[in-house]
Amino acid sequence: MEPGSTARNCPFDYAEALEFDPLLKQLLTDEPVARIRLPHGEGEAWLVTRYEDVRTVTTDRRFSRRAVIGRNFPRMTPEPIVQDEAINVMDPPASSRLRSLISKGFAPRHLEHMRVRTQHVVDQLLDRMTEYGSPGDLVEHLANPLPLTTICEVLDIPEADRSQLRAHARTMMDIGIDNREDAVRAKADLRAYFGTLTAHRRKNPGDDLISTLATARDGDEVLDDEELTVMAMVLLITGQDTTTYEIGNIAYTLLTRPNELAMLRARPEMLPQAIEELLRFIPFRKGVGIPRVATEDVELSGVTIRAGDIVHVSYLTANRDGRKFDRPDELDLERTGPPHMTFGWGGHHCLGAPLAAMEIHVAFQTLLERFPELRLAKETEEVRWNTTSIWRYPLALPVTW
């Protein structure tokens, strides 16, 4: 197949609540390795949609993230979200060294410390929601503030700086073409902020995650100043927005499915397993993320990808692949089976996944315990959804109890 011969234009702008994008479903079914064009960037790319093929692209050394640097690669946003020095555009062994150092920040003892902080934040937020009274907005009272407050607590970011940092992160996620200059400026401002903050923590370490990363050692290896700055930035951006959206999405999914909600109320011990299935099932974003470049010819599902070609994967379709999951389009909270790919896969599996999973667990465990009568206060058709960024989530979720 010659590049360009059957390239499909893929805006990936589908945003009907949490229904699965029919274009992605069609590609998974009809053309699992497809030539595509995206809204921004130059030229074409391959899109790989099957679970096993996604696993190959994300683990095989013949596909390089590093090789996308300097290329105006096909993408969803006007300005690339990723930093050139970030771990998410590194290949082994450089990424392995960084991952090893960073994973020390998410060691069980640190995670337990974070869990205590998270529980404290959740309790305070739900106290405030109770004082506000029924009905209340679950997005405003829980989904929005919890991940930002938690990651800022974990990174020990002063309260006065938090809303501005969140605004910068949101600007970087916007898909509007007229947003490009703002996105470039937001990225530079975030970088400058974290450059100053991380330098200060190196000299005066505390018990926060930045200090842990600044002092982490693997033999003689430590994170250098640039690596530490970019990693703190990545943690802020990925450590709040995506978790905020998933809390809103999971709440909406459960509140619109009374049987599943009743099952969790009756069997709270099922919650960790149920969260894994909800993460698999919910299409939490639009389109695709950071691609890779094939460094030599590779065949996937009968299609030859040439050296130098840009390759995107879809974790969303991998999570719905009928070759891997029985009844893939059904939500089954008792499902056991292959792990989902919502946090990515292979050498770029999300390093903050343990923190995100812990926050979601604490949030819903506490919510279900404290509000046994919780239900939506509006018809589902009245719930407003985000349409302007790469993420899919409810803008507000009015609930009553």
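## Notebook: salt bridges, cores and spaces

**Entry 1: a bridge with an exposed end.** I started with Arg323, which counts as exposed at 53% relative accessibility, because exposed means over 50%. I kept in mind that this is a predicted model. I then looked up the partner of Arg323. Arg323 forms a salt bridge with Asp321, and the closest N and O atoms are 3.2 Å apart. Is Asp321 buried or exposed? Asp321 has a relative accessible area of 2%, so I noted it as buried, the cut-off being under 20%. I also found a network here in my list. Asp326, Arg327, Glu330 and Asp332 are joined into one network by salt bridges that share partners.

**Entry 2: bridges across the chain.** I looked up the total and found 28 salt bridges in the structure. I reminded myself that side chains of opposite charge can pair when their charged atoms come close.

I picked Arg180 and Glu79. They form a salt bridge with the closest N and O atoms 3.4 Å apart. Which parts does this pair tie together? Arg180 lies in helix α8 (residues 180–203). Glu79 sits in the loop between β4 (63–64) and α3 (94–103). The pair therefore ties together parts that are 101 residues apart in sequence. Arg180 is partly exposed at 36% relative accessibility. Glu79, at 16%, is buried.

Next I checked Arg267 and Glu334. Their side chains meet in a salt bridge, 3.2 Å from N to O. This pair also links distant parts of the chain, 67 residues apart. Arg267 is in the loop between α11 (258–266) and α12 (271–281). Glu334 is in the loop between α13 (315–318) and α14 (353–370). I noted Arg267 as partly exposed, with a relative accessible area of 32%. Glu334 is partly exposed too, at 42%.

**Entry 3: the nonpolar cores.** In soluble globular proteins, nonpolar side chains tend to be buried together. I went to see where that happens here. The largest nonpolar core has 111 residues. Which of them touch the most other members? I wrote down Phe12, Ile102, Leu138, Leu142, Phe194, Leu236 and Phe364. Helix α10 (residues 225–255) gives the largest share of this core, 16 residues. Another core lies apart from it, with 19 residues. Tyr51, Leu300, Val303 and Tyr315 are among them.

I took a second look at Phe194. Leaving out residues up to four places away in sequence, Phe194 touches Ile157, Leu165, Ile210, Thr229, Ala232, Met233 and Leu236.

**Entry 4: the largest pocket.** I looked up its volume and noted about 330 Å³. The pocket is lined by 15 residues. Closest to its centre are Leu125, Arg128, Pro145, Thr149 and Glu159. Which helix supplies the largest share of the lining? That is α7, with 5 residues. At least two residues each come from α4 (108–132), α5 (138–143), α6 (145–155) and α7 (159–173). I sorted the lining by type: 5 nonpolar, 4 polar and 6 charged.

**Entry 5: the cavities.** How many cavities of 30 Å³ or more does the structure hold? I noted 3. I chose the second largest, with a volume of about 80 Å³. Its lining includes Gly105, His110, Met114, Asp207 and Thr212. Here α4 gives the most, with 4 residues. Both α4 and α9 (209–215) supply at least two residues. By type, this lining divides into 3 nonpolar, 4 polar and 3 charged.

Terms used
Residues are numbered from 1 along each chain as its sequence is written. This is a predicted model: local features need pLDDT of at least 70, side-chain atom pairs count only at pLDDT 80 or more; totals for chains, interfaces and linings use all residues. Side-chain values use heavy atoms; hydrogens and water are left out. A nonpolar core is a set of buried Ala, Val, Leu, Ile, Met, Phe, Trp, Tyr and Cys residues joined through side-chain atoms within 4.5 Å. Buried means under 20% relative accessible area, exposed over 50%, partly exposed in between (1.4 Å probe, protein chains only). Contact means heavy atoms within 4.5 Å. A salt bridge is a side-chain nitrogen of Lys or Arg within 4 Å of a carboxyl oxygen of Asp or Glu. On a 1 Å grid over the protein atoms alone, a cavity is a set of points where a 1.4 Å probe fits but cannot get out, and a pocket is an open set with protein on both sides within 12 Å along at least five of seven lines; lining residues have an atom within 4 Å of a point. Grid points are joined across faces, edges and corners, and a volume is the space filled by probe spheres set on the points. Ala, Val, Leu, Ile, Met, Phe, Trp, Tyr, Cys and Pro count as nonpolar, Asp, Glu, Lys and Arg as charged, and the others, Gly among them, as polar.
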